[in-house]
Every structure is written in C-alpha cells, then in structure tokens.
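Colleague: I'd like a close look at one part of this model, in terms that suit someone from the bench. Please pick a part and walk me through what surrounds it.

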Amino acid sequence: MENIEARVKKIVAEQLGVNEAEVKIDSSFVDDLGADSLDTVELVMALEEEFECEIPDEEAEKITTVKQAVDYVTAHLNK
Amino acid sequence: MSLQGKVALVTGASRGIGAAIADTLAAAGAKVIGTATSESGAAAIGERLAQWGGVGMVLNVGEEGAIDALIDTIAKEHGDVAILVNNAGITRDGLLMRMKDDDWDAIMDTNLKSVFKASKAVLRAMMKARTGRIINIASVVGAMGNAGQTNYAAAKAGIMGFTKSMAREVGSRGITVNCVAPGFIDTDMTRALPEAQRDALVGQIALGRLGDAQDIADAVLFLASDKAAYITGQTLHVNGGMLMP
C-alpha cells in the first residue's frame with residue numbers, strides 16, 4: 001500500500017511538475033496542484049503505464065485526488 | 001528544411017497530392033509511411049519510397065480499429081509518429097437535391113471521421129514527446145463552397161474547425177495542428193471534370209494556372225518543419241489566388 005502511494009505520488013509530481021513534498025494523500029489535482037483538464041488525462045495515462053492497467057474513462061473521471069488514485073490502483077492490482 | 005529521423009505518416013499516398021507529400025517529406029529525411037487502401041497500392045508506395053527508406057502500408061480508414069492497429073505497428077517497427085498528414089479523401093459529387101445518404105456518409109467517414117481517428121491515435125505519443133505536427137489537407141471548397149459538393153465542402157470545413165479546436169487543446173504540449181487548403185490542383189480528381197468547367201475555374205485563379213501537387217507538398221513540408229513551430233490552428237491556402245479569405 002505504501003509502495004503504491006509512493007509510486008502514485010512520484011508520478012503525480014512528475015506529470016504536474018510539482019515538488020513531491022507538495023503532493024499529499026488528500027491533494028486534489030486541480031484545486032491543490034494546479035492541474036488542468038489535459039493534465040488529468042495525461043496523469044491517468046501515466047498511471048495506466050506505471051501500473052500496467054487500463055482505466056476506463058468513467059472511472060478515470062472519478063479520480064481527482066491522490067487518494068482516489070491510490071485507492072483505484074490498490075483495488076485493481078489486488079484482483 | 002530537414003526532417004531527419006522523424007517518422008511521418010501520410011494517408012492516401014498512392015497518387016496525386018498525397019504521393020507528392022510522401023515523396024517530399026521522405027526526400028527531406030523523414031521516415032515516411034504512406035498508406036493506400038489496397039495491398040497492391042501499398043506495395044507501389046513502398047517501391048516509390050524505398051530510395052529514402054520509406055514504406056507503404058494498407059489502411060482502410062473506415063474499418064473499425066484499423067487506424068489504431070496501424071499506429072501500433074508503426075510504433076513497434078519504426079518508432080512513434082512525429083508528423084501526421086491526414087490527406088486521404090474521396091469525392092461523391094452531386095447536386096443536393098439528388099444526393100443520397102450514402103454519398104453523404106461515405107464522405108463524412110472517409111474525409112472527416114478519419115481525421116478525428118488518426119489524430120487521436122497519434123496523440124498519446126505526441127503528448128509524451130511534448131512535440132508533434134498534425135497537418136490536415138482541407139480544400140478551398142471548404143472555405144468558399146462549390147455547387148455539387150455540399151458533402152465534400154462540409155467535410156473540409158469540418159476539418160478546419162476540428163483543426164482549430166485541437167490546436168487549442170494540445171498547444172500547451174508543443175503540438176501544432178494546421179490545415180493546408182489546396183485550390184484547383186492538377187490531379188486525377190480534377191482531371192475528371194469537364195473541360196468547360198476546368199476553363200471556367202482557371203479563369204478565377206489570379207496566377208492563371210492550375211496548381212501542381214508539389215505546390216501543396218512544399219506547404220506541408222514547411223508546416224512539418226521546425227521553421228513552423230509558432231504556427232498552429234491555421235489554414236494555409238495554396239490556391240494561386242483563387243480565394244483570398
């Protein structure tokens with residue numbers, strides 16, 4: 001779990017061009033980290049690649065915070 | 001203008017404008033993949049482009065999944081597409097009063113939907129690369145209209161609107177999206193017109209002659225090059241002064 005959280009935070013920091021220390025578990029991509037709509041699409045693409053999964057668009061829309069991303073990946077990696 | 005080391009995909013590269021574009025980009029150093037709708041067409045393109053290391057591949061833009069599969073194959077065999085030229089197009093001319101739904105749908109699928117699908121398919125790699133060139137071949141008809149081409153003009157005008165919107169979406173990632181709008185170019189498509197109609201059209205061209213496919217290819221080469229890095233969302237009209245929008 002911690003491992004996944006760290007990996008997600010690293011990707012978020014890289015994609016959004018922010019310092020990893022700024023990325024908290026409850027950070028919102030748009031409100032806290034300054035992402036625009038294209039950034040969030042790219043972020044999902046990066047998560048898909050990192051965790052070798054495919055995130056359907058309906059699910060991707062619901063991922064707006066670091067925690068939601070971690071939860072999604074955790075739930076789907078365990079399957 | 002060197003395109004050395006860049007992978008360029010040109011749809012509809014068998015004849016006319018598409019063939020000239022494929023050859024011109026290849027001669028400028030790009031690794032060109034030219035598409036045709038048939039195996040024999042793809043083989044002929046491959047022979048033509050071989051001198052520059054280019055290849056021909058089959059693409060039926062209307063076929064479900066065909067574009068995505070092609071982009072995957074290109075990525076594996078040659079690398080990610082850096083330059084996409086959406087050139088493939090057909091005509092189904094006729095007066096609106098007599099136009100069949102099929103004539104409308106065929107034009108929209110082949111000339112407009114294909115632009116959407118191919119552009120979307122190459123976008124992921126371009127976004128990651130933070131650079132890319134998409135050049136859509138529109139038509140003067142999309143800007144000025146032409147009796148007997150409601151379907152074709154609608155699709156070509158649609159390409160221009162698509163281009164502007166996409167340019168706004170992806171500009172922040174260093175990707176430019178532009179149109180080249182050919183005027184009356186001497187190709188098989190225009191040779192099919194009756195002579196009286198050709199003469200009447202030439203009379204409206206300031207330079208007094210038909211354009212050559214190479215005129216279009218040179219404009220595409222410019223937009224594909226680093227020299228055009230600050231141009232996006234534009235339609236470059238190459239029409240000898242037939243229309244000055």
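Modeller: Happy to! Let me start where the two chains meet: seven salt bridges are counted between chain A and chain B, a salt bridge being a side-chain nitrogen of Lys or Arg within 4 Å of a carboxyl oxygen of Asp or Glu. Five residue pairs, both partners at pLDDT 80 or more, are in polar contact between chain A and chain B (N or O atoms within 3.5 Å; within protein, one able to donate a hydrogen and the other to accept it, and residues adjacent in sequence count only if both atoms are side-chain atoms). On the side of chain A that touches chain B, there are two nonpolar, no polar and five charged residues; here Ala, Val, Leu, Ile, Met, Phe, Trp, Tyr, Cys and Pro count as nonpolar, Asp, Glu, Lys and Arg as charged, and the others, Gly among them, as polar.

A word on reading all this. This is a predicted model, in which local features need pLDDT of at least 70 and side-chain atom pairs count only at pLDDT 80 or more, while totals for chains, interfaces and linings use all residues. Residues are numbered from 1 along each chain as its sequence is written, chains are lettered from A and ligands numbered from 1 in the order in which they are written, and side-chain values use heavy atoms, with hydrogens and water left out.

The part I would pick is helix α2 of chain A, residues 37-50. Helices (H or I, at least four residues) and strands (E, at least two) are DSSP runs, numbered from the N terminus. At 1.5 Å a residue, the 14 residues of α2 should span 20 Å, and the end C-alpha atoms are 20 Å apart, which agrees; the expected span is 1.5 Å times one less than the number of residues.

Now the two ends. At the N-terminal end, A:Asp36 acts as a cap, with a side-chain oxygen 3.1 Å from the backbone nitrogen of A:Leu38. Just past the helix, A:Glu52 takes a positive phi of about 45°. Further along, A:Pro56 sits in the loop between α2 and α3 (57-62). A:Pro56 is 12 residues from A:Val44 in sequence, yet 9.8 Å away C-alpha to C-alpha.

Which residues of α2 are buried? They are A:Leu38, A:Asp39, A:Glu42, A:Leu43, A:Val44, A:Met45, A:Ala46, A:Leu47 and A:Glu48, where buried means under 20% relative accessible area, exposed over 50%, and partly exposed in between (1.4 Å probe, protein chains only). It helps to recall that an α-helix has 3.6 residues a turn, so residues three or four places apart point the same way.

How does α2 take part in the meeting of the chains? Seven residues of chain A are in contact with eight residues of chain B (heavy atoms within 4.5 Å). The two chains bury about 690 Å² between them, 43% of it on carbon and sulfur atoms; buried area is the accessible area (1.4 Å probe) that two parts lose on being put together, summed over both. In chain A, the residues that lose the most area to chain B are A:Leu38, A:Glu42 and A:Met45, together 67% of what that side buries.

The charged pairs add detail. The side chain of A:Glu42 meets that of B:Arg130 in a salt bridge of 2.8 Å, N to O. A:Asp36, A:Asp39, A:Glu42, B:Arg130 and B:Arg173 are linked in a network of salt bridges, and the capping residue A:Asp36 is thus a member of it too. Another salt bridge joins A:Glu48 to B:Arg124, with the closest N and O atoms 3.0 Å apart. That pair crosses between chains, from α2 of chain A to helix α4 (residues 101-129) of chain B. A:Glu48 counts as buried at 10% relative accessibility, whereas B:Arg124 is partly exposed at 35%.

Finally, α2 also has a partner within chain A. A:Glu50 forms a salt bridge with A:Arg7, the closest N and O atoms being 2.9 Å apart. A:Arg7 lies in helix α1 (residues 2-16) and A:Glu50 in α2, so the pair ties together parts that are 43 residues apart in sequence. Both ends count as partly exposed, A:Glu50 at 33% and A:Arg7 at 28%.
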